[in-house]
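The exercises below ask you to read positions, contacts and backbone geometry from a model, and each is followed by a solution that goes step by step. Please try each task on the coordinates before reading on.

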Amino acid sequence: MSTPTEATAPHVIVAALTPGLKRPAAALARALALPVGAIDEAAANFILALYPVPEAPGYRLELRQTGRGAPGPVFAEFVHGAVGHRRRFGGGRGQPLARAVGLKAGAAPSVIDATAGLGRDAFVLASLGCRVQLIERSPLVAALLENGLARAGADAEVGPIVARMSLRSGDARQLLDGVPTRQHPDVVYLDPMYPESGKTALVKKEMRAFRTLVGADEDADQLLAAALGCARKRVVVKRPRKAPPLEGPKPSTAIESENTRFDVYVRQPVQS
Ligand SMILES: C[S@@+](CC[C@H](N)C(=O)[O-])C[C@H]1O[C@@H](n2cnc3c(N)ncnc32)[C@H](O)[C@@H]1O
């Protein structure tokens with residue numbers, strides 16, 4: 001991973017939007033070793049903001065970039081917005097992600113999503129019946145994701161889906177190596193941060209903000225090696241459609257969609 005250096009590291013603070021959220025803001029700041037500040041703090045590049053909502057845990061955690069032209073806030077969302085829409089109207093088991101993972105009628109493989117991010121892909125798999133363990137190494141991203149899962153857990157329709165998702169914070173290269181053989185999942189899924197393409201207009205503004213904080217995942221080749229040692233049936237790697245596969249063995253097959261390619265490394269067929 002190429003993380004930002006001390007000199008270039010963005011200044012991130014935690015801030016509560018209402019006085020009632022000051023206490024959870026302070027607890028979160030301690031857990032993430034970040035300073036607490038005011039919601040309009042001029043010196044901050046990013047604000048991890050606690051925004052009041054009625055459902056548990058009582059706030060939505062949002063990452064807000066500051067300054068002119070900054071993109072909208074980034075947060076994990078499983079009930080409303082694009083993810084909710086995809087759940088209701090998406091392609092079900094026929095969509096490329098589901099086919100790549102080996103989801104067939106009657107079969108819902110167990111999955112470790114070793115690059116969880118904001119949990120969108122994992123949520124698609126969980127909504128199709130898979131049990132998904134998520135691993136995320138950026139503590140800040142893991143905090144956004146944990147908050148999204150907690151809020152969705154309170155929703156009558158989405159709660160049972162997120163109950164199939166569990167999150168661990170840490171580096172998957174080590175965590176996958178530590179999974180006992182009898183607990184190996186059917187599938188390990190990887191979606192490392194895309195390499196810089198130069199076509200910045202194609203990368204969503206929100207994603208660029210994200211990359212500033214977590215860096216490019218330049219150690220993804222090592223993650224593939226760890227995934228191949230852990231998956232019982234297959235490893236699936238999401239790539240930009242024209243990008244080369246990760247360094248390592250050749251994929252067994254690939255499933256393409258408009259902008260994306262899923263490289264599939266088959267170890268044994270998923271039972272249908
Ligand atoms: C492109 S995002 C994944 C987006 C995700 N698929 C989604 O649907 O929201 C990549 C994420 O993987 C995480 N990551 C990369 N390498 C990792 C590793 N070795 N262990 C755990 N997390 C990792 C990064 O911190 C980043 O949050």
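**Exercise 1.** Determine in which helix Ala220 is found, and decide whether Ala220 is buried or exposed.

Solution. Ala220 is found in helix H9, residues 220–228, where helices (H or I, at least four residues) and strands (E, at least two) are DSSP runs numbered from the N terminus. The model is a predicted one, in which local features need pLDDT of at least 70 and side-chain atom pairs count only at pLDDT 80 or more, while totals for chains, interfaces and linings use all residues. Residues are numbered from 1 along each chain as its sequence is written, and side-chain values use heavy atoms, with hydrogens and water left out. The next step is the relative accessible area of Ala220, which is 6%, so Ala220 is buried; buried means under 20%, exposed over 50% and partly exposed in between, with a 1.4 Å probe and protein chains only. As a last step, take Glu41, which is 179 residues from Ala220 along the chain: the two C-alpha atoms are separated by 35 Å.

**Exercise 2.** Locate Gly248 and work out whether Gly248 is buried or exposed.

Solution. Gly248 is found in the loop between strand S8 (234–240) and strand S9 (253–256). Its relative accessible area is 52%, and therefore Gly248 is exposed. Gln222 is 26 residues from Gly248 in sequence, and their C-alpha atoms are 8.8 Å apart in space.

**Exercise 3.** Examine the backbone at Ala33 and at the peptide bond that joins Ala56 and Pro57.

Solution. As background, most residues other than glycine have a negative phi, and most peptide bonds are trans. Ala33 has a positive phi of about 55° although it is not a glycine, and Ala33 is found in the loop between helix H1 (22–32) and S2. Because its relative accessibility is 68%, Ala33 counts as exposed. The bond joining Ala56 and Pro57 is cis, with omega about 5°, and Pro57 is found in the loop between strand S2 (46–52) and strand S3 (59–65).

**Exercise 4.** Identify the rings over whose faces Arg60 lies.

Solution. The criterion is that NZ of Lys or CZ of Arg is within 6 Å of the ring centre and within 35 degrees of the ring normal. Arg60 lies over the face of Tyr51, at 4.8 Å from the ring centre, and also over the face of Phe75, at 4.3 Å from the ring centre.

**Exercise 5.** Describe the surroundings of the ligand, beginning with the residues that come nearest.

Solution. Of the 20 residues around the ligand, counted if a heavy atom lies within 4 Å of it, Asp121, Glu136, Asp171, Ala172 and Asp191 come nearest. Helix H4 (120–127) and strand S5 (132–136) each supply at least two residues of this shell. Polar contacts are pairs of N or O atoms within 3.5 Å; within protein, one must be able to donate a hydrogen and the other to accept it, and residues adjacent in sequence count only if both atoms are side-chain atoms. A polar side-chain atom of Asp171 lies 2.9 Å from a nitrogen atom of the ligand, a polar backbone atom of Ala114 is 3.4 Å from a ligand nitrogen atom, and a polar backbone atom of Gly119 is 3.3 Å from a ligand oxygen atom. Finally, Asp121 has its place in helix H4 and, at 10% relative accessibility, counts as buried, while a polar contact of 2.9 Å joins the side chains of Asp121 and Tyr189.
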